[in-house]
Amino acid sequence: MLIDDIKALSNEIAEDVIRIRRHMHQNPELSFEETETQSFIRSELEKIGIDDIKTCANTGLVAMIRGKNPDKKTIALRGDIDALPIQEENDVEYKSQNVGVMHACGHDVHTSSLLGTARILHQFREHFEGSVKLIFQPGEEKLPGGASLMIKEGVLKDPDVSTIVGQHVMPLLDAGQIGFRSGMYMASADEIYIKVIGKGGHGAHPHMNIDPIAISAQLITGLQQVVSRNAKPSMPSVLSIGRIEGYGSTNVIPDEVNMQGTFRTFDEEWRERAHKLIVEYCEGIVTSMGAKCEVEVRKGYPHLKNDQAITAAMRSAAVEYVGEENVVDLEIWPAGEDFAFYSQEIPATFYRLGTRNRDKGIDAMLHTPRFNIDEEALKIGPGLMAWLAITQLQ
Ligand code: NI
């Protein structure tokens with residue numbers, strides 16, 4: 001059975017996939033600066049025997065694996081390659097050697113796993129019809145997102161990609177588990193910048209000043225109503241103000257206050273309308289209190305939607321591969337992810353690879369200095385993704 005052969009090969013190459021992961025982990029590079037990473041990936045692809053490799057979005061790569069009737073259908077598999085500006089605190093032999101830079105979001109895992117998948121698909125290329133486009137994407141962690149740049153450069157065209165699949169590590173699932181969710185999965189993530197301009201002065205004479213602190217307090221609580229009184233109750237939305245700066249003192253009212261926050265939701269139309277409401281609400285309150293404001297909503301990634309038919313098909317293929325007991329249905333996850341750009345263009349599915357192991361003390365969250373994975377997950381990741389791809393192409 002092909003599935004058993006894939007499992008066997010995935011196990012057999014796990015040691016090598018872990019070597020790749022550790023090399024990347026030790027040599028992380030920030031978003032859009034992944035030049036060493038890019039040449040490393042290229043050399044690993046060439047080792048496999050894959051020679052159709054193109055540069056895309058400057059530090060990204062796109063490689064093709066052709067099966068029988070290669071023009072019949074093309075699906076894409078995506079792995080992101082960039083790291084984060086975090087100083088690693090794990091005491092491991094493969095600890096990051098680049099000060100202040102760390103693979104704290106598992107992109108080393110996504111890329112090494114995808115290279116393992118490439119090796120398996122290349123070996124079994126006589127067993128499927130159509131082609132697989134491997135996308136090694138830079139700059140997931142930084143606006144405008146490497147995905148948007150690659151799409152602009154035509155990564156989903158020539159040959160046209162009918163479906164795209166992405167995998168992300170998940171420290172809330174045990175190694176061995178795989179998570180899926182159909183429909184809306186990850187949030188759009190937009191940045192809010194508000195400047196309230198009043199008139200500073202002595203704290204004893206508020207009537208002679210325009211107090212931007214008091215106005216900001218109104219805004220912070222009032223902005224919650226943009227969400228609670230305007231979003232459909234069925235539509236998850238989050239508005240959080242995470243920073244407020246006003247440099248007065250016990251007896252000084254400052255001239256201005258600056259705030260920053262985030263707005264997240266799962267529907268593009270509502271997202272646009274919410275942006276307008278945020279600006280109008282701030283302007284209305286601030287003007288009524290005699291001050292001025294500058295409000296900017298900086299657009300981040302759109303929301304990530306998992307195509308129902310594709311996700312259902314992938315989920316049942318995963319059940320075949322890891323067993324029903326190891327497939328988990330996920331809740332929505334209000335973080336942002338630039339894979340969302342692909343999901344706005346073509347049918348997509350983004351699933352989760354469990355990486356936690358409490359017995360080994362591996363349970364730190366993503367984007368923290370102690371994030372790590374149970375590398376047992378790398379026995380499953382490569383073969384599973386190969387199997388998902390082949391079931392789409394059979
Ligand atoms: Ni990530």
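**Exercise 1. The first hairpin**

Find which two strands form a hairpin with three residues between them, and which turn residue has a positive phi.

Solution. Strand 1 and strand 2 make up this hairpin, and A57 in its turn has a positive phi of about 50°. Strands here are DSSP runs of E with at least two residues, helices are DSSP runs of H or I with at least four, and both are numbered from the N terminus. The model is predicted: local features need pLDDT of at least 70, side-chain atom pairs count only at pLDDT 80 or more, and totals for chains, interfaces and linings use all residues. Residues are numbered from 1 along each chain as its sequence is written, and side-chain values use heavy atoms, with hydrogens and water left out.

Next, look at the pairing. Strand 1 and strand 2 run antiparallel and are joined by four bridges; two strands count as paired if DSSP finds at least two bridges between them. I53 stands opposite A63 in strand 2, while T55 has L61 as its bridge partner in strand 2.

**Exercise 2. The two sheets**

Give the strand order of the eight-strand open sheet and of the four-strand open sheet.

Solution. Begin with the eight strands: their order is 1-2-4-3-5-16-6-15, with mixed pairing. Strand 1 and strand 15 (327-329) are the edges, each pairing on one side only. From one strand to the next, the twist averages 30°; axes are lines fitted to C-alpha atoms, for helices over the stretch in contact, and angles run from 0 to 180 degrees between N-to-C directions.

Now take the four strands. Their order is 10-12-8-13, and the pairing is antiparallel. Here the edge strands are strand 10 (237-245) and strand 13 (292-298), each paired on one side only. The twist averages 20° from one strand to the next in this sheet. Eight bridges link strand 10 to strand 12, which run antiparallel, and V238 is placed opposite R264 of strand 12.

**Exercise 3. Helices across the sheets**

Determine which strands helix 9 lies across, and which strands helix 6 lies across.

Solution. Helix 9 (residues 377-393) lies across strand 3 (74-80), strand 4 (131-137), strand 5 (163-174), strand 6 (178-180) and strand 16 (348-356). Its direction is at about 160° to strand 16. Helix 6 (residues 268-288) lies across strand 8, strand 10, strand 12 and strand 13, and runs at about 165° to strand 13. Contact means heavy atoms within 4.5 Å.

**Exercise 4. Domains and the largest pocket**

State how the protein is divided into domains, and which of them supply the lining of the largest pocket.

Solution. Domain 1 covers 2-187 + 303-393, and domain 2 covers 189-301; such bounds come from an automatic or database domain assignment. The C-alpha centres of the two domains lie 38 Å apart. At their contact, 21 residues of domain 1 meet 13 residues of domain 2.

The largest pocket holds about 560 Å³ of space. Its lining has 25 residues, and those closest to the centre are E141, A189, R264, Y301 and G336. On a 1 Å grid over the protein atoms alone, a pocket is an open set of points with protein on both sides within 12 Å along at least five of seven lines, a cavity is a set where a 1.4 Å probe fits but cannot get out, and lining residues have an atom within 4 Å of a point. Grid points are joined across faces, edges and corners, and a volume is the space filled by probe spheres set on the points.

Domain 1 and domain 2 each give at least three residues to this lining. Strand 8 (188-197) and strand 12 (256-265) each supply at least two. The lining of the largest pocket has ten nonpolar, seven polar and eight charged residues. Ala, Val, Leu, Ile, Met, Phe, Trp, Tyr, Cys and Pro count as nonpolar, Asp, Glu, Lys and Arg as charged, and the others, Gly among them, as polar.

**Exercise 5. The second largest pocket and a cis bond**

Name the residues nearest the centre of the second largest pocket, then find the residue joined to D158 by a cis peptide bond.

Solution. The second largest pocket contains about 270 Å³ of space. Of its 14 lining residues, K54, V62, K133, K157 and D158 lie nearest the centre. The hairpin strands take part: strand 1 (53-56) and strand 2 (60-66) each supply at least two lining residues. By class, this lining has five nonpolar, two polar and seven charged residues.

D158 is joined to P159 by a cis peptide bond, with omega about -5°. P159 lies in the loop between helix 4 and strand 5.
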